[in-house]
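This note sets out, point by point, what a colleague new to the structure may wish to check when viewing it. Each point takes up one feature or one group of residues.

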Amino acid sequence: WEFNGSFYQPSAFLMMGIPGLEALHPWISIPFCALYLTALLGNCVILFIIKKTQSLHEPMYYFLSMLAVTDLGLALCTLPTTLGLFWFNVRRIGFDACLTQMYFIHILSFIESSVLLAMAFDRFIAISHPLRHPSILTKTTVLKIGLAIVLRGMVSLLPIPFLLKRLTYCGKTELSHSFCFHPDIMNLACADIKVNVFYGMIILLSTVGMDFIFIVLSYILIIRTVVSLATKEECLKALNTCVSHICAVLVFFIPMIGLSMIHRFGKNVPPLVNTLVAYTYLIIPPALNPVIYSIKSTHIREALLRALRRKSG
């Protein structure tokens, strides 16, 4: 298209797979299928186990259920376009469909960040004030926290699609990934995007950035509490309840921060690195989280084994 100075929006964008490896997309889809299958089955199993096991009806596992639902949503958001591109080379995605996918990807990412913060708060209360833990985090309180998390993500990101729709696009319509991402779409515009950049940065820092800071502060307080415990066994037992959560935090935040930095400052980063970080950010956490919690959480593992024994019996 030639740009003549008038307002223009493309009818669709073109998605990219893994640059330089287009011929291998059918083979590359195999590990992606395995990751998506692990994410879908693993998180469904976690939800089923928590629902059916009465002893798991406590705050820690309610928050884990929220994490599992969020991970299911993230996997389902990117699965159709990613596998559609790898299997059938379907690169085209409508403009409005792209904005919708982008909105839900970002909402679910922000919700996951907030749920991880809520889980850190739960661990802090459980270790620092074990006797008051049930009275502080009641079912009603957990439900209110969940609703607040969802509303926070929806409201804070609501302006983003409208800020993108007001922009003029010209010529280039090729995205960097097999899904829609706000900085990626924004950089295709040939208009002033300062408002988009400023709003995106402010929202990212005030939500995910603050969540990460408060998670770190929670663990500083947890470590102070654990150090004051009488015996080494008590210290290790208290810290062991946090291992799964720490792994989930690292798996989520490291690639997310990396991807945000690449899109905003990494103009000279090779496209392959950008693509791999993006897939790590959106596909690895939903697949790994249920595996991490199934391995490290004794209660989840025992409940899962009991369910398997009942079925085999």
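1. Asp122 has a relative accessible area of 1% and is therefore buried. The model in which this value is computed is a predicted one. The neighbour in sequence, Arg123, is likewise classed as buried, because its relative accessible area is 8%. The side chains of Asp122 and Arg123 meet in a salt bridge, with 3.0 Å from N to O.

2. How many salt bridges does the count give? The total comes to four salt bridges. The pair of Asp122 and Arg123 is one of them, and two others are described in the next points.

3. Glu174 and Arg91 form a salt bridge through their side chains, at 2.6 Å from N to O. Glu174 lies in the loop between α6 and α7, while Arg91 lies in the loop between α2 (59-88) and β2 (92-94), so this salt bridge ties together parts that are 83 residues apart in sequence. Glu174 has a relative accessible area of 33% and so is partly exposed. Arg91 is also partly exposed, because its relative accessible area is 26%.

4. A salt bridge also joins Lys165 and Asp96, whose closest N and O atoms are 3.0 Å apart. Here too, distant parts of the chain are linked: Lys165 belongs to helix α6 and Asp96 to helix α3, and the two are 69 residues apart. With a relative accessible area of 31%, Lys165 counts as partly exposed. Asp96 is partly exposed as well, at 47%.

5. The cysteines deserve separate attention. How many disulfides are counted? The count is two disulfides. When the bonded cysteines of the chain are numbered in sequence order, the pairing reads 1-3, 2-4.

6. One disulfide connects Cys98 with Cys180, at an S to S distance of 1.9 Å. This pair links distant parts of the chain: Cys98 sits in helix α3 (residues 95-128) and Cys180 in the loop between α6 (159-165) and α7 (182-186), 82 residues apart. The angle about the S-S bond is -120°, and the link of Cys98 and Cys180 is left-handed. Are these two cysteines buried or exposed? Both Cys98 and Cys180 are buried.

7. Cys170 and Cys190 form a disulfide in which the sulfur atoms are 2.2 Å apart. Cys170 is placed in the loop between α6 and α7, and Cys190 in the loop between α7 and α8 (194-227), so the bond ties together parts that are 20 residues apart in sequence. Cys170 has 22% relative accessibility and is therefore partly exposed. Cys190 is partly exposed too, because its relative accessible area is 33%.

8. Why is Cys242 not bonded to Cys247? The sulfur of Cys242 is 11 Å from the closest cysteine sulfur, which is in Cys247, and this is too far for a bond. Cys247 is in no disulfide, since the nearest cysteine sulfur, that of Cys242, is 11 Å away, whereas a disulfide requires the sulfur atoms to be within 2.5 Å. Cys242 is buried, with 0% relative accessibility, while Cys247 is partly exposed at 29%.

9. Helix α1 covers residues 25-52, which makes 28 residues. The distance from its first C-alpha to its last is 40 Å, close to the 40 Å expected at 1.5 Å a residue. Where does α1 bend? The bend is at Pro31 and amounts to about 25°. Several residues of α1 are buried, including His25, Ile28, Phe32, Tyr36, Asn43 and Ile50.

10. A nonpolar patch of about 570 Å² lies on the surface. The residues that make this patch are Met210, Phe212, Ile213, Phe214, Val216, Leu217 and Ile220. Phe214, one of these residues, is located in helix α8. With 40% relative accessibility, Phe214 counts as partly exposed.

Note on methods: Residues numbered from 1 in each chain as written. Predicted model: local features only at pLDDT ≥ 70, side-chain atom pairs only at ≥ 80, totals over all residues. Heavy atoms only, no water. Helix = DSSP H or I, 4+ residues; strand = E, 2+ residues; numbered from the N terminus. Buried < 20%, exposed > 50% of the residue type's maximum accessible area, 1.4 Å probe, protein only. Expected span 1.5 Å × (residues − 1). Bend = angle between axes of the 7 residues up to and from the residue. Patch = residues over 30% accessible without salt bridge, like charges linked within 9 Å, V, L, I, M, F, W, Y side chains within 5 Å. Areas by Shrake-Rupley, 256 points an atom, 1.4 Å probe, with all protein chains shown as cover.
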